Every structure is written in C-alpha cells, then in structure tokens.
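Reader: I would like a close look at one part of this model, with its surroundings worked through step by step. Please keep it brisk.

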Amino acid sequence: NKIVESIKANGAGKNYLIEHSAGSGKSNSIAWIAYRCASAFDKDDNPIFDSVIVVTNRIVLDSQLQDTINSFEHKAGLVECITQQKGSRGLVDAINDKRKIIICTIQKFLYAYSDFDKLTDRKFAIIIDEAHQGQSGESARTLRKSLIDVDKELLKYADENYIDVADLDDQDGLINEILAMGHHENQSFFAFTATPISKTVELFGTQ
C-alpha cells in the first residue's frame, strides 16, 4: 500500500528497496506489486507504467514466479512469461507489443535489446527478485540501457552539456553508454532482497 501511494503521488522514476526474506511469501509480494503497478493510474487517468517487467537471474526461480503470478486471477493476455522456448525473441515481441506484465530472466536482455522498438514516452516498472545478485554485471547494465527513452535522454544530455541536440548521434556507442548511466525518469525499480548490502542500498534505497 505504501508503494502504491508513492507511485500515485510521484509517478515513474523512483526506486524502492524492499527487505523480504525467501520463504516468507516473497513471490506473493512480487505478484501483488506487479499487478498493482500494472493497474495504477495517475490523477488524469493515464497508466503510470506501460509495462511491468519482473526479472530474475535464475531459471528455476523464474518458473516459480511465473506460476505464482499466473495463479492470480487476471485477464487473458495480461501476463507474458518469456519461457526458454520463447527465448530472447519472445522478450522483443513482448516489449514491442506493450504487454502489461512480462516475466523473464535478466540474461535475455543481452540478446534482445538491440531489436526493441524506440521506447518514446514508454514507462517501465522493473521488479528485481534479488537486488544485489540481479543488478551486477553486463546483464543489469543492458537492462537499464535498453529501456531508456532515448529521445528524452538525448535532450536532457544536450541541455546539461550545452550542446545542440542535432549534433548528437543516437547510434553512437559512447553516447549510449553515457546515457545509460544514472537515474532514468521512465524507469522505477522495485528491488527485493533479504540481505541489503551498502551497494544495494545506495542503488535502490531512499533515505
């Protein structure tokens, strides 16, 4: 309820760190947050998030979460589980088709991101099952980079650095790496962990 109140008040762009041990109903908590984020609207009746992405870094856990989230009553087509059989192509289709709740392993972003459509004006809730495991390394950087609204980030970067946005090349690898760093207003992270370490608190916590 605190999270729902916060996203309705603040919209997309804030991060949340949730201390929650395994074996204490964490999958249910993740499922509830996924559904509440998927059905949250702002004061003008616009959806706060276009898609909710639940990411794990283990296939077994991914399957458990799929079962839990699918067991909640929902409309057909609301939940898209990116199974091993669907692979990275399934993730591409789910993102491009604006599926509401998407469940996948974080590694699939490494192979899928280059085929995403331009995500102009798209907003994402990203639920991380194990914060300090799931958000280190190339897969995590690729996830954040692949979901940014490039046009808005380019404008912001140009403004901050007193550059004409027309001089920036959105295909430039270095520019994209720079844009990927830091906080993005179109992404909210909901990170679960049983053992918050200082790096995790710094990345997702709010004082």
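**A strand, its partner and the helices around them**

Author: Glu19 stands opposite Thr193 in E6. That contact point is a good place to start. The model is predicted. Glu19 belongs to strand E1, residues 16-19. E1 pairs with E6, and the sense is parallel, over 4 bridges.

Now take the side chains of E1. In a regular strand, side chains alternate between the two faces of the sheet. E1 shows this alternation. Tyr16 and Ile18 point to one face, and both are buried. Leu17 and Glu19 point to the other face and are not buried.

Next comes helix H1, residues 2-10. Its buried residues are Ile3, Val4, Ser6 and Ile7. Seen down the helix axis, they fall within an arc of 160°, so they line one face of H1. An α-helix has 3.6 residues a turn, so residues three or four places apart point the same way. What do the buried residues of H1 pack against? They pack against E1, H2 and E6, the last of these covering residues 187-193. The other side of H1 holds Lys2, Glu5 and Ala9, which are exposed. Just after H1, Gly11 takes a positive phi of about 70°.

H2 is the other helix in this packing. It covers residues 26-38 and has 13 residues. At 1.5 Å a residue, H2 should span 18 Å. Its end C-alpha atoms are 18 Å apart, which agrees. The buried residues of H2 are Lys26, Ile30, Ala31, Ile33, Ala34, Tyr35, Cys37 and Ala38.

One name in that list carries a charge pairing: the side chain of Lys26 meets that of Asp129 in a salt bridge, 3.6 Å from N to O. Lys26 lies in H2 and Asp129 in the loop between strand E5 (124-128) and helix H6 (131-134), so the pair ties together parts that are 103 residues apart in sequence. Are these two partners buried or exposed? Lys26 is buried, and Asp129 is buried too.

Beyond H2, the chain runs into the loop between H2 and strand E2 (51-56), where Lys43 has its place. Lys43 counts as exposed, at 79% relative accessibility. It also links back to the start of the chain in space. Lys43 and Lys8 are 35 residues apart in sequence, yet their C-alpha atoms are 7.8 Å apart.

The Lys26 pairing can be set beside others. How many salt bridges does a search of the whole structure find? It finds 4. Side chains of opposite charge can pair when their charged atoms come close. Glu80 and Lys86 form one of these bridges, with the closest N and O atoms 2.8 Å apart. Glu80 is buried, at 14% relative accessible area. Lys86 is partly exposed, at 38%.

Another bridge joins Arg89 and Asp93, with the closest N and O atoms 3.1 Å apart. Both sit in helix H4, residues 87-96. Being 4 residues apart there, they are separated by about one helical turn. Arg89 counts as partly exposed, at 45% relative accessibility. Asp93 is partly exposed as well, with a relative accessible area of 33%. Salt bridges that share partners also join Glu80, Lys86 and Arg99 into one network.

Two backbone points lie further along. Lys98 has its place in the loop between H4 and strand E4 (101-105). Its phi is near 60°, a positive value in a residue other than glycine. Lys98 is exposed, with a relative accessible area of 52%. Asp121 also has a positive phi, about 65°, although it is not a glycine. Asp121 is in the loop between helix H5 (108-112) and E5. At 48% relative accessibility, Asp121 counts as partly exposed.

Last, the setting for the whole part. The chain's secondary structure comes to 10 helices and 6 strands. Of its 207 residues, 48% count as buried. Among contacts between residues at least 6 apart in sequence, 74% join residues at least 24 apart. The accessible surface comes to about 11000 Å², and 48% of it belongs to carbon and sulfur atoms.

Conventions
Residues are numbered from 1 along each chain as its sequence is written. This is a predicted model: local features need pLDDT of at least 70, side-chain atom pairs count only at pLDDT 80 or more; totals for chains, interfaces and linings use all residues. Side-chain values use heavy atoms; hydrogens and water are left out. Helices (H or I, at least four residues) and strands (E, at least two) are DSSP runs, numbered from the N terminus. The expected span of a helix is 1.5 Å times one less than its number of residues. Buried means under 20% relative accessible area, exposed over 50%, partly exposed in between (1.4 Å probe, protein chains only). The arc is that of the directions from the helix axis to the C-beta atoms. Contact means heavy atoms within 4.5 Å. Accessible areas come from the Shrake-Rupley method with a 1.4 Å probe; for residues, only the protein chains shown count as cover. Two strands pair if DSSP finds at least two bridges between them.
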